[in-house]
Amino acid sequence: MQTDPRGPRLVAALSSVVLVLVLRTGSCALLSAQALAFALGAFGGLRFSPSIGLFQVLVLPRLAPPAETEDERPLRFDQGILTVFAAVGALGFGTGVTWLGLLGGSAALTAALANAVFGYCVGCELYPVVRQAQGRRTAGT
């Protein structure tokens, strides 16, 4: 499935704002909600991501059609990575292991900011490497 690349960048920007709030407050509930939003995008598809939904309803109708589209699979892989970071952080904050909460939240924030500011998608860069490794493993068995 193809997607407008402007949507995931906006999602990354919105996620960055939420993650900054998480790191300032140490809120397990807010980080858990963000982890759930990432998980919906990763496992259900980007169309199930609440932020992508906002983009499609509020922003996309006001934009010209995209010059090009992107494959959704690497973006979903990225959402999966962010889910893990946010879940680890929520676990840390929820259990009182603050350093783990800060570590998970900071890792998620770093990845989200890299996408929002520079257009660098960590999961998109790792996706082909993982797929190639899967192919080698499958071919070798």
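## A cysteine at the start of a helix

Cys28 is partly exposed, because its relative accessible area of 27% falls between the limits of 20% for buried and 50% for exposed residues. The model in which this residue is seen is a predicted one, and the values in this report are computed from that model.

Helix α2 covers residues 28-44, and its 17 residues should span 24 Å at 1.5 Å a residue. The C-alpha atoms at its two ends are 23 Å apart, which agrees with that expectation. The buried residues of α2 are Leu31, Gln34, Ala35, Ala37, Phe38, Ala39, Gly41 and Ala42, and they pack against α1 (6-25), α3 and α4.

## The loop after α2

Between α2 and α3 there is a loop, and Ser49 is found in it. Is Ser49 buried or exposed? With a relative accessibility of 4%, Ser49 counts as buried, because the limit for that class is under 20%. When its neighbours within four places in sequence are left aside, Ser49 is in contact with Ala37 and Gly41, and both of these belong to the buried residues of α2.

## Helix α4 and its glutamine

Helix α4 runs over residues 72-95, and its 24 residues should span 34 Å at 1.5 Å a residue. Its end C-alpha atoms are 34 Å apart, which agrees. The helix is followed by Gly96, a residue whose phi is positive, near 85°.

Gln79 has its place in α4 and is buried, with a relative accessible area of 8%. Which residues does Gln79 contact, leaving aside its neighbours within four places in sequence? They are Ala37, Phe38, Gly41, Ala42 and Leu46, and the buried residues of α2 include Ala37, Phe38, Gly41 and Ala42. Gln79 and Gly45 offer a further view of how the chain folds back on itself in space, since they are 34 residues apart in sequence and 9.5 Å apart from C-alpha to C-alpha.

## Two salt bridges

The structure holds 2 salt bridges. In one of them, the side chains of Asp71 and Arg73 meet with a distance of 2.7 Å from N to O. Asp71 is partly exposed, with a relative accessible area of 23%, and Arg73 is also partly exposed, with a value of 47%.

Glu72 forms a salt bridge with Arg76, and here the closest N and O atoms are 3.7 Å apart. Both residues lie in helix α4, where they are 4 residues apart, about one turn of the helix. Glu72 counts as buried at 6% relative accessibility, whereas Arg76 counts as partly exposed at 26%.

## A short strand beside the start of α4

Thr3 has its place in strand β1, which is made of residues 2-3. Thr3 is buried, with a relative accessible area of 12%. If residues up to four places away in sequence are not counted, Thr3 touches Leu46, Thr69, Glu70, Glu72 and Leu75. Two of the residues named here appear elsewhere in this report: Leu46 is also a contact of Gln79, and Glu72 is the salt-bridge partner of Arg76.

## Helix α5 and the disulfide

The 21 residues of helix α5, residues 98-118, should span 30 Å at 1.5 Å a residue, and its end C-alpha atoms are 29 Å apart, which agrees. Among the buried residues of α5 are Leu100, Gly101, Gly104, Gly105, Ala108 and Leu109, and further along the helix Ala111, Ala112, Ala114 and Asn115 are buried as well. Gly119 follows α5, and its phi is positive, near 70°.

The structure holds 1 disulfide, which joins Cys121 to Cys124 with a distance of 2.4 Å from S to S. The torsion about this S-S bond is about 65°, so the disulfide is right-handed. Cys121 counts as buried, at 6% relative accessibility.

## A nonpolar patch on the surface

Leu14, Leu54, Val57 and Leu58 make a nonpolar surface patch of about 370 Å². Which helix gives the largest share of the nonpolar patch? That share, 3 residues, comes from helix α3, which covers residues 50-59, and Leu58 is one of the patch residues with its place in this helix.

Methods:
Residues are numbered from 1 along each chain as its sequence is written. This is a predicted model: local features need pLDDT of at least 70, side-chain atom pairs count only at pLDDT 80 or more; totals for chains, interfaces and linings use all residues. Side-chain values use heavy atoms; hydrogens and water are left out. Patches are made of residues with over 30% relative accessible area and no salt bridge: like charges are joined within 9 Å, nonpolar side chains (Val, Leu, Ile, Met, Phe, Trp, Tyr) within 5 Å. Accessible areas come from the Shrake-Rupley method with a 1.4 Å probe; for residues, only the protein chains shown count as cover. A salt bridge is a side-chain nitrogen of Lys or Arg within 4 Å of a carboxyl oxygen of Asp or Glu. Buried means under 20% relative accessible area, exposed over 50%, partly exposed in between (1.4 Å probe, protein chains only). Contact means heavy atoms within 4.5 Å. A disulfide is a pair of cysteine sulfur atoms within 2.5 Å. The expected span of a helix is 1.5 Å times one less than its number of residues.
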